[in-house]
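Below is a set of questions and answers on one protein model. Please keep the sequence and the structure in view while reading.

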Amino acid sequence: MTFLSNPCLPSRSRPIQAWSSLVVSVGLGIFFGTAVPGVAQAQVNYSNAEQLLGWHASTKLQNHEVDPNWIHGEDRFWYRVARAEGHEFMLVDPDRSERRPAFDNERLASAMSMAADTAYDPVRLPFETFDYLDEELRSIRIRVDDQRFECDVQQYDCTVGDTIPRSDESFVMSPDSTREAFVHEHDLWVRSVENGDSIRLTQDGEEYWTYGLRAPRANDQKSGDPQEPSLRWSPDSRYIAVQRWDEREVEHMPMYSITSIRPQGFTYPYALPGDSIYPIGALHVVDVEAGANRRVEIDPDPAFMSWASNQDSTWTTDSQRVRILTTERGHRHAQLVEVDAATGDHQVLAVESQPTFVDLAHRGLPNWYAGQRDVIWFSQRDGWGHLYRYDRDGNLVNRITRGAWLAGHMMHVDEDRQRIYFTAWGREADRHPYYTHFYRVNFDGSGLELLTPEDADHDIQVSPSGRYFIDARSTAHDAPIITLRSTENGNTVLTLEEADISGVEALGWTPPEIFRVKARDGVTDIYGLLHKPSHFDPDERYPVVNYIYPGPQIGSVGSWGWGLGTRGNVRALAELGFIVLQIDHMGSPFRSKSFHDEYYGDMSDHGLPDHVAALRQLGSARPYMDLDRVGIYGHSGGGFASTAAILQYPDVFHVAVSTAGNHDNRRYGIHWGEKYQGLLERDTIQETDNYESQANQNYAEKLEGKLFLMTGDMDDNVHPAMTYKVAHALIEANKDFDFLILPDRAHGLNEPYVIRRTWDYFVKHLRGEEPPHEYVIRRPE
């Protein structure tokens, strides 16, 4: 892997109203609010930057993604892909090495128009998904708004069915397609597909102790949208395994929606670190035929539960046993439990314990597979994440993978041939350690084979039979090439798509520079991306903005494959005349366990010492980076980290924008804080606890630069109280800062007004320029 180090190398109207309380800051330092001599004075072009936002730039991409829809559980699939003339639906038969259009857009649009007595545009068909109704792939079912079409795509004849009624429940179809399970008034029900008759299977459901559903949070209560129940049918459709959470005595979090004439109040159970009462999970197995409901007594009571994510091995193929992963409070101990569906008896198949926290997957759902004879288990017991083989009695049979690299997600397990197909990071020498590769290995650990030899990041999807996989390979500089390949040897069966990025290049998009620097310890390599504007001039000096997400479950970069730079809208921000950085620091995943554990128990760290070290190394080698003008921003955990950066490192970070930050994890959800900070321990003598040092409000008096806090007042994930607490502390410390409350906004905040205000803040306070007045960023409908 070659890492770029030469900065001169070429690289291939009215805003939404917001209720806000703003404190205007006076000039602080020589660069705030005034132009700095010697600084690049290129025209700040909001219009060009706007076009590089994901929702605009993505419309200029063609042939760039394949999201397979497997047909009837077979290896045949269809996908929808963007073309210059609109979207096309492609049909692929791997066994025949065939790829062709699924139907003729013009003829289908005409047939649908005649059936519905309306006009449909073949360039923009009014649907994105459909279902085949027969094995010959002759007929399809389409939903358009509340209408259901059935169309013969050989004769091109369509009929329109009855209007689809809206439902307050979410239904889960049985494997034999005869019944649907759903939750109504806190109990589990099934209804017949044939006649709609419903049967109540449980009788004791009650509010905050519902079968299959957690208590809805504020925004769910406000919208009324149905939630999908957490349940799994057995393969023979006789049993339903369903999770149930006791939240009856859990303390509630209040929230208010204030934009209506009469403000609405909401509350929902929300346990915090240190609470003595928290949600307790239970697994129930319901016999649909007999009407029996059996609770499984698992010790200890689960604080967290999850189903299998590998070929859904939740149930054995004979429907006799069900498996579930349970985790105890603090996430230091996890166990895989197998339950006899008929008796409720259970046994533990595998266990993982860590002195810090257990992480059974680095991307995706927990990584385990339980077959008829063998259990494949992910463990970090030797300091790296690897695969281990157990028997059905919980005994270790053998280790499967080993080495100073990380086994990733098991994509497919072939128990008959004793083979595992899985992703991994860091095994291939002289390659980027964050590139995903795809491998095959035998159950006994022999025959490890790389199936994706290309030096690139590989996004993998495996067919239902496990005989084929779709490989989208790319790098930060090389656009995706998407192929269908054989799992037998990795050979290409078909080239599905080759991305055309000329449209975004015409907008001024340029790829980022990939860099490698030393971490805080001066020894460990860390990696990142450096984004430049399209008008970059190496002889000029640019302010630097650091986009941060501290993790620990993900880093600041996210995907290391090709992308538009939409995470944090980094590429669009760079276009305004900034050097924008993303750094995967120590304490983030996809490396060793010790790397991931770097700041366990000290969330005030955020990986910031690594960002400081990286800035200094990059700045010393790249004179165009002006380290006297450095900003930082982030959302959620990134809002937490960006605020901490300007408070803890005022000599390094001069301007910070923080949105929806979890500034004090004593006020955030129990599982997050207790997993990464540890169980809350109170010191009654000193009147403090082990969370005190991570709370941003405790550093308010250290503010020297420009800080902009934003939060949505309906954020039921990261409650706005955390941002209010920081604002209160800053006021008490007599500090100038900027504060924006966004009414009726939930957690996301990736909206035009917030983006524009972020841009304005950095342009004014880092570039020393006056931004366009109330520039309107438009988002497509």
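Q: How much space lies in the largest pocket?
A: The model is a predicted one. A pocket, unlike a cavity, is an open set of grid points. For the largest pocket, the space comes to about 1300 Å³.

Q: Which residues of the lining lie nearest the centre of the largest pocket?
A: The lining of this pocket is made up of 44 residues. Those nearest the centre are R214, F304, M305, H331 and H671.

Q: Which element gives the most to the lining of the largest pocket?
A: Several elements supply at least two residues each, among them the strands β14 (239–246), β19 (304–306) and β20 (321–327). Residues 670–676 form another element that does so. With 5 residues, the one that gives the most is α10.

Q: How many residues of the lining of the largest pocket are nonpolar?
A: The lining residues divide into three classes. The charged class holds 8 and the polar class 13. The nonpolar residues number 23.

Q: Which strands are the edge strands of the open sheet of 4 strands?
A: Strands of a sheet pair through backbone hydrogen bonds, either parallel or antiparallel. In this sheet the order is β9-β10-β11-β12, and the pairing is antiparallel. An edge strand pairs on one side only, which holds here for residues 172–173 and for residues 198–200. The edge strands are therefore β9 and β12.

Q: Which residue in β12 stands opposite V190?
A: Strand β11 covers residues 187–192. The pairing of β11 with β12 is antiparallel and runs over 3 bridges. Opposite V190, in β12, stands I199.

Q: Is S658 buried or exposed?
A: S658 is part of strand β40, residues 655–659. Its relative accessibility is 1%. Buried means under 20%, so S658 counts as buried.

Q: Which residue's side chain makes a polar contact with the side chain of S658?
A: Leaving aside residues up to four places away in sequence, S658 touches several residues, including G634, F640, H663 and F708. T643 is also among those it touches. The side-chain polar contact, at 3.1 Å, is with T643.

Q: Is T314 buried or exposed?
A: T314 lies in the loop between β19 and β20. Not counting residues up to four places away in sequence, T314 touches R232, W307, A308, R321, V322 and R323. Its relative accessible area is 0%, and under 20% means buried, so T314 is buried.

Key: Residues numbered from 1 in each chain as written. Predicted model: local features only at pLDDT ≥ 70, side-chain atom pairs only at ≥ 80, totals over all residues. Heavy atoms only, no water. 1 Å grid on protein atoms, 1.4 Å probe; cavity = no way out; pocket = protein on both sides within 12 Å on 5 of 7 lines; lining within 4 Å. Points joined across faces, edges and corners; volume = space filled by probe spheres on them. Nonpolar A, V, L, I, M, F, W, Y, C, P; charged D, E, K, R; others polar. Pairing = 2+ DSSP bridges. Buried < 20%, exposed > 50% of the residue type's maximum accessible area, 1.4 Å probe, protein only. Polar contact = N/O pair within 3.5 Å; in protein donor to acceptor, adjacent residues only side chain to side chain. Contact = heavy atoms within 4.5 Å.
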